[in-house]
Amino acid sequence: MLVGQSIGEHRSHSDAASNQLITCIVRSGVGRPLDLGASIQIREVCVLPRDEFTNYMFLQRSEADDDNVANWRFFPQDFKDKNDFGTSHRDLVECLFHFTHGDKYITCGRDGTFRLWNCADLRHYRTINNGAGWVTNCVYMPDSRKLVFTALDRSISFYDINRGSYDLVGRVYATGTMGVPMCMCTIEEMESEFVVYGDTKGAVCMLLCGTRELPPRDLICTPDHRDFEILHSQHTDWVTQVTPVNEVGLVSSSLDSTIKVYDISRDRVLQTCTHHSKGVHSFVWCRAYSLFASAGVERDIIVWQGNTTRRMGELTGHTASVSKVAIDERNNHVISLSLDHIIKVWDLRNHKCLQTIMEEDWLKQEDAKARSLVYDSKYRRMVTTVNKPYVWPHKLISQDRTGHRDPVKGAIYNSTFHVTVSVDEGGTVCVWNMQNGSRESRFRAVNSETGRITALAFDKNERRLLTADNAGALKMWNFNNGSLLRKYTHNEDDLEIATVLFAADDKRESDMVFAAGWNCKIFVWEDDDEEEIADYRTYEGHREDILHMAVCPEKDLIATGDYEGRINIWTLHSGEKRVALYHRADRYETSVERLLWVPHGEDGDGPLVLISCGGDGLIRVWHVCAAPSLVCVFPGAQGRLEQVSAICGRGGHLAIGDTAGHLRVWNIKDGIDISSEGACVDSFKEVAHWQGHRLPVSSVDVMMESDGDFLISASKDTNVKIWTWEGALVGILGQHDWDLGNRSTWQDPVGKDLSPPLTETENLYLQARKPDDSDSDDDGKDKTDTDGWHPEPADQVLQSRRESTTHRSTDQVHSMLRTHALTEISEDLSDILTYTAKRNKQQAAGRVRRQKERRETRFKEKKHTG
């Protein structure tokens, strides 16, 4: 029996039962393609309902698709808008049309104009005034080479695109008894091209008049002359969209909550989709799976089968009505826009939400109020509008190498999801897969134009992310999808938060959020499910800016360090101040930059040790007990002008990073001996010391996996790097790919390219003075060849200065005041130094101002008391 004949015979019976489909299953055991033209033996014939067969083919197609389609993401516009301000619409855009023939985007605005923009660079091409009414829709007639526009003044206008003139060649008006044309499409019937539109009275009409109707006139329909034909008027409310689908028919949606399929050849409505309970705004057709995705007032996107209208599922996630949907035919992604300006991307195969674009993800807030969108398959990007086009390139995550563009504030490892979350000062949050170095997601946590991120931390289960900024705002995020979960507010001055952490009280079954900074107070919130938590309390005991905090949950303690060198140790949940420690150093070097509690033995019976890093670059080890004491002090940062800017301890190791970009690792698996100063210093066994970054290290963290322990370092040079304890480089996130378990895929598997640490004076900008007249003999001859003069190394200069200072006489006390030659500083380094000096000046001015305010307040209190 021939397969073609078998199916043909059974199809004759399917006319009586249109919901049945015959499929022939060949059980030959031969794994070769099926040739429908060959005679083969049918072992078994099954009769399946059409819906079951459709579902089966849908699932089979989904399994066969490339898994990479789920890894596509939209990213903000990556080029600068070069248009003048006056090229934008004066009011909102009602419709966005992709004019593929002219490689243009056309925006139809409420200001009565439509504007053309080049697709390649979004440059404004032309503005044409259509009239006083809102321009509501646009369509292109390829055979006639005309653009057609509808407007709220009941007009349908035709523009000729020949020779690029865009001249108005025809205009007709719907009469008063007809509805206002709202949406359009073009169809081909009997080798002719027609415009079909839907109006506000629920009618779907086809224009029969010509495109050159000038002067403008009304549409008429008499026995002798017909300008239009009503295809059907079965909708009872506005027609919101009309689109021809070759496989189904002419499809129209309406605010009456229905979608109708009309067959032009039979002149009747074949099917009506009634899955919506409220008005339908938009729909798309997926040719690959023969599915519709439609959305409207009730927020959910409904997926249904085109031939049978059977409901296949819902895409649930929007919190407001969905105004527009688009589709990426290549990846079968549905893109939806809701009235609260949230954009979501869905995988039609498994109904999962792949990406959510919120207002915080836009580079400029004026572009975030999107009104319409289309998907441009040629350039592979999404286009949105407010009053001008804005594009979102569609890229594979593995192909997108754009990591951080601003200095990275921190990178912390998440052992729950086995990812690393990195945040830069501009507010960009990236989530990285550590097994291969690929980026899984990215979102923006702060408006980079008005603020910057200053601190970050995970909650106790590492499922949420806390971020703080320089305006005193503290927020909690779902870092997997970028949604904002809650805000923590206070009534104090909106000053910078420098440190934040999350602590859990298992006894009281309470979770607490701690934040501190330039307010010189510790803010404490009880974590709750509210969107905004305003109830808080404070721990007060510092007179200067708090720079860092560290929590010891085993002993219910929290340590805080400030700018003047004070370390306060508090009871974690009550706020009782237990101990006060102080840094002793030169002026401006007393600050407590970092704090870390060291694990005190496996059984918890060892000494309680606190490590503090000061502004003088030294590491101090404290024994915290009833009578706390300073055990030892030893160098941490490389160079006397540097500071320890990052610290972490885990896996039996202690790792630090300094402001010169150095990384240093000590082995402390045997514990810290506090019996004497020498024994304490000897407890820190150095494993490796190298320069890992060219700018200050902002954070270090430890990743403990089955493949081993790794060090994660983040820096102000915008890089996040993965190392072993010995300094072997796995790779840089966003720049390299690797297999964590395969050393051959690493960038430097054995650390042979490791940069050694700078010498103590190598990073000082010191040069020997150039010989002058004072270095000449009595006869006027120079002792030194000035033409071939070269600066001496900085260490030699310092050594010569020490010797000169030691042997100079009292009458030569000013002999060291010389003018020294300086080498030219690179432009990048000059910018960095300028920025650093400016920021230090601002911080110093802020501290002086706050000290003055505190003195005045104390004076007034004393005066009032007296």
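Which backbone oxygen does the side chain of Lys146 reach? The side chain of Lys146 reaches the backbone oxygen of Ser144, at 3.3 Å. The model is predicted. A search of the whole structure finds 28 salt bridges, and several of them are described below together with two buried strand residues and a run of antiparallel strands at E58, E59 and E60.

**Lys146 in strand E9**

- Lys146 belongs to strand E9, which covers residues 146-151.
- Lys146 counts as buried because its relative accessibility is 6%, and the cut-off for buried is under 20%.
- Leaving out residues up to four places away in sequence, Lys146 touches Val139, Tyr140, Met141, Phe158, Tyr159, Asp160, Val169, Thr211 and Arg212.
- Between Lys146 and Leu168, which are 22 residues apart along the chain, the C-alpha separation is 9.6 Å.

**Thr107 in strand E5**

- Thr107 sits in strand E5 (residues 104-109) and is buried, its relative accessible area being 0%.
- A polar contact of 2.7 Å joins the side chain of Thr107 to the side chain of His89.
- Not counting neighbours within four places in sequence, the residues in contact with Thr107 are His89, Val93, Cys95, Leu96, Thr113, Phe114, Arg115, Trp117, Thr385 and Pro389.

**Salt bridges**

- Side chains of opposite charge can pair when their charged atoms come close.
- Arg349 and Asp347 form a salt bridge through their side chains, with an N to O distance of 3.1 Å; both Arg349 and Asp347 are buried.
- The side chains of Arg486 and Asp529 also meet in a salt bridge, at 3.9 Å from N to O.
- Arg486 is in strand E39 (residues 483-488), whereas Asp529 is in the loop between strand E42 (521-526) and strand E43 (532-533), so this salt bridge ties together parts that are 43 residues apart in sequence.
- Arg486 counts as buried at 7% relative accessibility, while Asp529 is exposed with a relative accessible area of 70%.
- Arg486 and Asp529 are part of a network of salt bridges that also links Asp459, Arg464 and Asp527.
- Arg650 and Asp701 form a salt bridge in which the closest N and O atoms are 3.3 Å apart.
- This pair links distant parts of the chain, with Arg650 in strand E53 (residues 644-650) and Asp701 in strand E57 (residues 697-705), 51 residues apart.
- Arg650 is partly exposed, with a relative accessible area of 38%, whereas Asp701 counts as buried at 7% relative accessibility.

**Strands E58, E59 and E60**

- In a regular strand the side chains alternate between the two faces of the sheet.
- In strand E59 (residues 720-723), Val720 and Ile722 point one way and Lys721 and Trp723 the other way; all of these residues are buried.
- E59 pairs with strand E58 (residues 708-715) in the antiparallel sense over 4 bridges, and Ala714 stands opposite Val720.
- E58 and E59 make a hairpin with 4 residues between them, and Thr718 in the turn has a positive phi of about 75°.
- E59 also runs antiparallel to strand E60 (residues 729-732), to which 3 bridges join it.
- Opposite Trp723 stands Leu729 in E60.
- E59 and E60 form a hairpin with 5 residues between the strands, in which Gly727 takes a positive phi near 100°.

Terms used
Residues are numbered from 1 along each chain as its sequence is written. This is a predicted model: local features need pLDDT of at least 70, side-chain atom pairs count only at pLDDT 80 or more; totals for chains, interfaces and linings use all residues. Side-chain values use heavy atoms; hydrogens and water are left out. A salt bridge is a side-chain nitrogen of Lys or Arg within 4 Å of a carboxyl oxygen of Asp or Glu. Buried means under 20% relative accessible area, exposed over 50%, partly exposed in between (1.4 Å probe, protein chains only). Contact means heavy atoms within 4.5 Å. A polar contact is a pair of N or O atoms within 3.5 Å; within protein, one must be able to donate a hydrogen and the other to accept it, and residues adjacent in sequence count only if both atoms are side-chain atoms. Two strands pair if DSSP finds at least two bridges between them.
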